[in-house]
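Student: I have a structure to go through and some short questions. Can we start with the aromatic rings?

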Amino acid sequence: MSRISFASVERSDPRYERDGLRFITVRSNALDRRADICFWAPPTGPSPTTLPLLLLLHGTGGSAWSWPLNGGAHLTASRLIETGEIEPVALAMPSDGLWGLGSGYVPHADADYERWIVEEVPAAAALIDDRISASSPLTIAGLSMGGFGALRLGAKYPDRFRGISAHSAVTTLGRLAETTGSRLDALPSFGQPDGTALHWLEVNAARLPPLRFDCGNDDPLLPGNRALHAALEARGIEHQYEEFAGGHDWLYWRLHLADSLRFLDGAAARAPGAVQ
């Protein structure tokens, strides 16, 4: 975990927290403003141990509370841990930075939404729970715009992340602009290879962590997900791709988050930067 100091930090009071969910607001250096994270971790055992940390990214129009309070992400993780299906893991569920309807988790001219996720969110999580440290294995997942963020950032930083999973992913910034109606054409990576999920998956193909993504067969983003799957297959890039019944909604994401948690549970034990 990189050493990062924040000009301001406010944590939720444990007396008022519920179901293990905690909240933290920090003054982000990358964004030059405050930003929020919802955090969950299983209860501390007899002796504190290092926990893996999953960064869970939300979609357009959402925020830090979307995954826990619309998706019940922490309850799904808790259930899978209690039944022994996965090892204990902590969840950091950050806001995307709250630009427009969605920042895309990419650098803008005036704020670096990528650095906020990759560097600052894990550092802020370590302020909440001392089981999060520099040795905590990091994985990344997300839905829709957050799926794009997970695919792009996980592939761009293969030495940092040990596993990648995406649900109903937007696959390019151009498609994100169409989806939200936001003016993204001024972004440095818009219309450039860096603004696609495929670019970094291809550039770092030899060093990618384990990768999976899925999409509902009634999802308007299905053609883009099928195209990405075909492109990866054509390039011989190892991945898992699945299609399920469902659309672009919380009913689908609540159901299939468990697939990500199970997949990333195995990936967290992989050495960073190791070939698949």
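Tutor: Fine. This is a predicted model, and in it ring pairs link W67, W250 and W253 into a cluster.

Student: How are W250 and W253 paired?

Tutor: The two rings are edge-to-face, 5.3 Å centre to centre, with 90 degrees between the planes.

Student: Where do W250 and W253 lie?

Tutor: Both are in helix α8, which covers residues 250–267. They are three residues apart, about one turn of the helix.

Student: And W253, buried or exposed?

Tutor: W253 has 6% relative accessibility, so it counts as buried; the cut-off for buried is under 20%.

Student: How many aromatic pairs are there in the whole structure?

Tutor: The search finds three. One of them is F213 with Y241: the ring centres are 4.9 Å apart and the planes are at 45 degrees, so this pair counts as tilted.

Student: Which strands hold F213 and Y241?

Tutor: F213 is in strand β8 (residues 211–216) and Y241 is in strand β9 (residues 240–244). With their positions 28 residues apart, the pair links distant parts of the chain. F213 is buried at 0% relative accessible area, and Y241 is buried too, at 15%.

Student: New topic. What does the largest nonpolar core look like?

Tutor: It has 59 residues. Among those with the most contacts inside it are F39, L53, W116 and I140. Helix α3, residues 113–128, gives the most to this core, with nine residues.

Student: Is there another core, and which residues does it include?

Tutor: A second, separate core has 25 residues, including A64, A77, L91 and W250. W250 also belongs to the ring cluster we began with.

Student: Back to W116. What is in contact with it?

Tutor: Leaving aside neighbours within four places in sequence, W116 touches V26, S28, A30, L31, A35, D36, I37, P94, S95, D96, G97 and V121.

Student: What about H74, where is that?

Tutor: H74 lies in helix α2, residues 73–82. It is buried, with 4% relative accessibility. Beyond its neighbours within four places in sequence, H74 is in contact with D19, L21, W40, P68 and L91.

Student: D19 came up there. Which loop is D19 in?

Tutor: D19 sits in the loop between β1 (9–11) and β2 (21–28). Its phi is positive, about 55 degrees, although D19 is not a glycine.

Student: Which other residue has a positive phi near 60 degrees without being a glycine?

Tutor: That description fits D32. D32 is in the loop between β2 and β3 (33–40).

Student: Why does D19 count as partly exposed but D32 as exposed?

Tutor: D19 has 46% relative accessibility and so is partly exposed, while D32 has 53% and is exposed. The exposed class starts over 50%.

Student: Next, S165. What do its surroundings look like?

Tutor: S165 is in strand β7, residues 161–167, and is buried at 0% relative accessibility. Its side chain makes a polar contact of 2.5 Å with the side chain of S260. Leaving aside neighbours within four places in sequence, the residues in contact with S165 include I140, A141, G142, R212 and L264.

Student: Last one. How many disulfides?

Tutor: The count is zero, taking a disulfide as two cysteine sulfur atoms within 2.5 Å.

Student: And are C38 and C215 buried or exposed?

Tutor: C38 is buried at 2% relative accessibility. C215 is buried as well, at 0%.

Technical notes. Residues numbered from 1 in each chain as written. Predicted model: local features only at pLDDT ≥ 70, side-chain atom pairs only at ≥ 80, totals over all residues. Heavy atoms only, no water. Helix = DSSP H or I, 4+ residues; strand = E, 2+ residues; numbered from the N terminus. Buried < 20%, exposed > 50% of the residue type's maximum accessible area, 1.4 Å probe, protein only. Core = buried A, V, L, I, M, F, W, Y, C linked by side-chain atoms within 4.5 Å. Contact = heavy atoms within 4.5 Å. Polar contact = N/O pair within 3.5 Å; in protein donor to acceptor, adjacent residues only side chain to side chain. Phe/Tyr/Trp six-rings, centres within 6.5 Å; stacked < 30°, edge-to-face > 60°.
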